[in-house]
Amino acid sequence: MGEMGKAIGLLISGTLVYHHCANRNATLLSLISDVLIVLLSSLAILGLLFRHLNVSVPVDPLEWQISQDTACNIVARLANTVGAAESVLRVAATGHDKRLFVKASAFWFLPCLHYKR
């Protein structure tokens, strides 16, 4: 399946990306989120199917466990990110930094202009 398989795979992927972004007038971020949703849903369904049919797989994602330190680290990073975003939005909303206000406004209003209904 060497070079011919890669070429066919690239052709199919390119066609799907073109259809998603050009014909549906969607953004690349929308494409990435759709792909992630489909992959996660497929993995979840396969995991449940394998569990129901008693098929043993080397790694069962439904039984993954992380340590308490790792969970605390993930939550702390998420809290820091949300706090930083809140701080940036607060400074932009108060108007102390005009350039930051324009950038934040553009991030909010440009997607609204893209989706004309």
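This is a chat about the helices, surface and one salt bridge of a predicted model.

Student: Okay, what is this chain built from, helices or strands?

Tutor: Helices. The protein chain has four helices and zero strands, and reading along the sequence gives the pattern α-α-α-α. Keep in mind that this is a predicted model.

Student: How many residues does the chain have, and what share of them is buried?

Tutor: There are 117 residues in the protein chain, and 9% of them count as buried.

Student: What about the surface, how much of it belongs to carbon and sulfur atoms?

Tutor: The accessible surface of the protein chain is about 10500 Å², and 70% of that belongs to carbon and sulfur atoms.

Student: Which residues form the nonpolar patch on the surface?

Tutor: Val 17, Leu 28, Ile 32, Val 35, Leu 36 and Leu 39. Together they have about 520 Å² of accessible area.

Student: And which helix gives the largest share of that patch?

Tutor: Helix H2, residues 28-52, with five residues of the patch. Leu 28 lies in H2.

Student: Why does Leu 28 count as exposed?

Tutor: Because its relative accessibility is 51%, and exposed means over 50%.

Student: Staying with H2, which residues are buried there?

Tutor: Ser 30, Leu 31 and Gly 47 are buried in H2. H1 is included in what covers the buried residues of that helix.

Student: Does a record say anything? I mean, what does the UniProt annotation cover?

Tutor: The UniProt annotation, from an unreviewed entry, is "transmembrane region", and it covers residues 31-50. In the model, that span is 100% helix and 0% strand, with its end C-alpha atoms 28 Å apart.

Student: New topic. How far should H2 span, going by 1.5 Å a residue?

Tutor: With 25 residues, H2 should span 36 Å. Its end C-alpha atoms are 36 Å apart, so the model agrees with the expected value.

Student: And H1, what should that span?

Tutor: Helix H1 runs over residues 2-23, which makes 22 residues, and at 1.5 Å a residue it should span 32 Å. The end C-alpha atoms of H1 are 31 Å apart, which agrees.

Student: So what about the 27 residues of H3?

Tutor: H3 should span 39 Å, and its end C-alpha atoms are 39 Å apart, so that agrees too.

Student: What comes after these helices? Which residue with a positive phi follows H1?

Tutor: Asn 25 follows H1, and its phi is positive, near 55 degrees. Just after H2, Asn 54 takes a positive phi of about 55 degrees. H3 is followed by Gly 95, with a positive phi near 90 degrees.

Student: Let's do charges. How many salt bridges does the count come to?

Tutor: The count comes to one salt bridge. In it, the side chains of Glu 86 and Arg 90 meet, at 2.5 Å from N to O.

Student: Where do those two sit, and how many residues apart are they?

Tutor: Both are in helix H3, residues 68-94. Glu 86 and Arg 90 are four residues apart, so about one helical turn separates them.

Student: What are their relative accessibility values?

Tutor: Glu 86 is at 45%, so it counts as partly exposed. Arg 90 has a relative accessible area of 47%, so Arg 90 is partly exposed as well.

Student: Last one: how many contacts link residues far along the sequence, as a percentage?

Tutor: Take contacts in the protein chain between residues at least 6 apart in sequence: 19% of those join residues at least 24 apart.

Notes:
Residues are numbered from 1 along each chain as its sequence is written. This is a predicted model: local features need pLDDT of at least 70, side-chain atom pairs count only at pLDDT 80 or more; totals for chains, interfaces and linings use all residues. Side-chain values use heavy atoms; hydrogens and water are left out. Patches are made of residues with over 30% relative accessible area and no salt bridge: like charges are joined within 9 Å, nonpolar side chains (Val, Leu, Ile, Met, Phe, Trp, Tyr) within 5 Å. Accessible areas come from the Shrake-Rupley method with a 1.4 Å probe; for residues, only the protein chains shown count as cover. A salt bridge is a side-chain nitrogen of Lys or Arg within 4 Å of a carboxyl oxygen of Asp or Glu. Buried means under 20% relative accessible area, exposed over 50%, partly exposed in between (1.4 Å probe, protein chains only). Contact means heavy atoms within 4.5 Å. UniProt positions are given in the numbering used here, feature names are shortened, and annotations may be inferred rather than shown by experiment. The expected span of a helix is 1.5 Å times one less than its number of residues.
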